[in-house]
Amino acid sequence: MVTIVVALAVVGALSLLAVIIPRRGLEPDSMIDVPLETGRPRIVILGGGFGGVYAASYLEQLSKGDYDIVLVNKENHFVFQPLLPEVISGTIGLVDVVSPIRRLLPNTELHVREVESIDLEARTVTTSTGFHPHPHVLRFDHLILAMGTVTDFRGLRGLPEHAFPFKTLSDALGLRNHVIRALEEAAIEQHDEALRKRLLTFVVAGGGFSGVEVVAELNDFVREVAEHYRGIDPSLIRVVLIHSQDRILPEMDSRLALFAERILRERGVEILLNARLQAATGEAAILGDGAVIDTKTLVSTVPASPHPLIEAIALPKTKNGRIKVAPTLEVEGMPNVWALGDCAMVPAPEGGFAPPTAQHATRQARTVAENVVAKLRGGATQTFAFKGLGKMGSLGRRSAVAEVFGMRISGVIAWFLWRTIYLMKMPGWARRIKVAASWTLDLFLPPELVQLKLGSSVGVTQEHFEPGQEVFHQGDIGDRIYIVLNGKAEVLRDDQPIAVLARGEYFGEMALLHQTQRNATVRCIEPMDVLALPKRDFSVLAANLPELRKSFEAKSNERAREMVA
Ligand SMILES: Cc1cc2nc3c(=O)[nH]c(=O)nc-3n(C[C@H](O)[C@H](O)[C@H](O)COP(=O)(O)OP(=O)(O)OC[C@H]3O[C@@H](n4cnc5c(N)ncnc54)[C@H](O)[C@@H]3O)c2cc1C
């Protein structure tokens, strides 16, 4: 609704003033190089997951103070993804699956920012805007790419709007909150049987490791807490797993996969094999054969797609968009650029390629770190030789499947092994003790039912400016478009005033439309209130309202001509 109002406001304001002319590339004057130069070679790591954090940690261990390490990550914490499904049921605390990167990497310079662009020729990385939208440019001598993959629902009808991805801490928390809300609603919607059934149907698409672990936790959770809701008939609860192949856990031995299937079915999970999720609405999951499952909760753990930044840069890649690297993990034909983890296609010692798992990413991190140091110090590089220790998947309540050291284990022993191994893999003893305590208490205490309502931090916001205050500066990164609600601002190009903006006018759109920097400064001259629409929302509007985009472009051309004249 808000987006529509803003769209109308923006369209209504189209007749107004020229502010920005598109201009490509970074202006050297406006770049802010961070951190300050030390004269030592700089190793920049992009991504603070298993690959990035472990690479930085090994580099710290190998350091003799002869290089600097910089790590850029969207969040200031490292997420231990294998335990993320347990956040749904609250078996472990929310912050127990994350660790602060600063504590893990005391000798690494951490930049909690989003990587905006990578310039392999100039050997720089530009990070996104923080509180102030000026670009930060990081020079590198060695670049380590460890940004993982993204869950990309593009091209799948209705999934971007209605399916829950499951990859980050906020995905897990968002899903948990939604599930509790669905239960709360189901408990009071006594008069509408169809709606109650929809609220009590939970669908997970993808029968690989993460899908199976998610459905197992979700199933345990909803069935266990349902008894606390007097208005819910537990027999109405449906938990459905959709999988496109003829058995779940295709990565595992078929006997273990069949065991997993049996346990899940016994616990009430309906498993639909050879079924493909085709589309979604706010009310249903629609399958490839036209079958419709009425639901208010759809989680999709597939597809894992290449990271858009990796897609955008000119590096050798495989068909599935992963970066081709040599067995040393150096990118083919790109000296001093390295890639590892889920974003890379790493040749495995036994032939084929290493699977995208945490155990492989952490071993690749060691190889990368040792090879970068070897190149800096003039030593010999080595090849990635890790063959994998095995595979494990949790099935929820005291059951798991494991293939370790050539043995196949299932049930409670596999579950105990799973917990012990992951506990020992968690970074730091403090975290291990907390998780062990949570798991022990969970054996005796009922599951936590608190729904955390967090306000949304995105979307349209209103901002106020006082005279003399800059909204943005020439050369800043374009991160949002503004609509003046009241007050005035002047537009300055190279410090020369060129226009005044007043109520009903908008500014800041061209940098967004053309992915360029701001080419003018906007400074408040009378107390001013504006509506600010973030880049992401603006891009959605521009992509889906061709008339809106055309109007912007026509106006910007007119403005460009006026400026040239
Ligand atoms: C639910 C789930 C369960 C799993 N369970 C297991 C398991 O039991 N065992 C196992 O071995 N593997 C498991 N995996 C797989 C494992 O987590 C991945 O293989 C591993 O995380 C890959 O590491 P990575 O460093 O390549 O990517 P990631 O760990 O995904 O890290 C990528 C990092 O890059 C950051 N990033 C991305 N884009 C940007 C940007 N533009 N700017 C700044 N930072 C950015 C992200 O925030 C993230 O921190 C699981 C995965 C999931 C999702």
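Visitor: Why are Trp429, Ala430 and Ile433 of H13 called exposed?

Guide: A residue is called exposed if its relative accessible area is over 50%, buried if under 20%, and partly exposed in between, for a 1.4 Å probe and protein chains only. Trp429, Ala430 and Ile433 fall in the exposed class, on the other side of H13 from its buried residues. The model is predicted, with local features needing pLDDT of at least 70 and side-chain atom pairs pLDDT 80 or more, while totals for chains, interfaces and linings use all residues. Residues are numbered from 1 along each chain as its sequence is written, and side-chain values use heavy atoms, with hydrogens and water left out.

Visitor: How do you know that the buried residues of H13 are on the same side?

Guide: The buried residues are Arg431, Arg432, Val435, Ser438 and Trp439. They cover an arc of only 130° around the axis, so they lie on the same side of H13. The arc is taken from the directions that run from the helix axis to the C-beta atoms. As a general point, an α-helix has 3.6 residues a turn, so residues three or four places apart point the same way.

Visitor: What makes the span of H13 agree with the expected one?

Guide: The expected span is 1.5 Å times one less than the number of residues. H13 (residues 429–442) has 14 residues and should span 20 Å; its end C-alpha atoms are 20 Å apart, so the two agree. The name H13 comes from DSSP runs numbered from the N terminus, where helices are H or I of at least four residues and strands are E of at least two.

Visitor: How do you know that the buried residues of H15 share a side?

Guide: In H15 (residues 535–544) the buried residues are Phe538, Leu541 and Ala542. Their arc around the axis is only 95°, which means that they are on the same side of H15. The exposed residues Arg536, Ala543 and Asn544 are on the other side.

Visitor: Why is leucine 329 called buried?

Guide: Leucine 329 has 0% relative accessibility, so it counts as buried. Leucine 329 sits in the loop between strand S20 (323–324) and strand S21 (337–339), and its phi is near 80°, a positive value in a residue other than glycine.

Visitor: Why is phenylalanine 405 called exposed?

Guide: Phenylalanine 405 has 68% relative accessibility, so it counts as exposed. It belongs to the loop between strand S24 (400–404) and strand S25 (407–411). Its phi is also positive, near 45°, in a residue other than glycine.

Visitor: What makes isoleucine 323 buried?

Guide: Its relative accessible area is 0%, so isoleucine 323 is buried. Isoleucine 323 is part of strand S20. From isoleucine 323 to valine 337 there are 14 residues in sequence and 11 Å in space, C-alpha to C-alpha.

Visitor: How do you know that S15 and S16 pair?

Guide: Two strands pair if DSSP finds at least two bridges between them. S15 (residues 277–280) and S16 (residues 284–287) run antiparallel and are joined by three bridges, so the definition is met. Alanine 280 has alanine 285 in S16 as its bridge partner. S15 and S16 form a hairpin, with three residues between them.

Visitor: What makes S16 and S17 a pair?

Guide: S16 and S17 (residues 292–294) have three bridges in the antiparallel sense. Isoleucine 286 stands opposite valine 292 in S17. Their hairpin has four residues between the strands, and glycine 290 there takes a positive phi near 90°.

Visitor: How many cavities of 30 Å³ or more are counted?

Guide: The count is one. On a 1 Å grid over the protein atoms alone, a cavity is a set of points where a 1.4 Å probe fits but cannot get out, whereas a pocket is an open set with protein on both sides within 12 Å along at least five of seven lines; lining residues have an atom within 4 Å of a point. Grid points are joined across faces, edges and corners, and a volume is the space filled by probe spheres set on the points. By that measure the largest cavity holds about 40 Å³. Its lining is Pro82, Pro85, Glu86, Glu213, Glu217, Ser394, Gly396 and Trp418. H3 and H8 each give two or more residues to this lining.

Visitor: What makes the lining of the largest cavity three nonpolar, two polar and three charged?

Guide: Ala, Val, Leu, Ile, Met, Phe, Trp, Tyr, Cys and Pro count as nonpolar, Asp, Glu, Lys and Arg as charged, and the others, Gly among them, as polar. Sorted in this way, the lining residues divide into three nonpolar, two polar and three charged.
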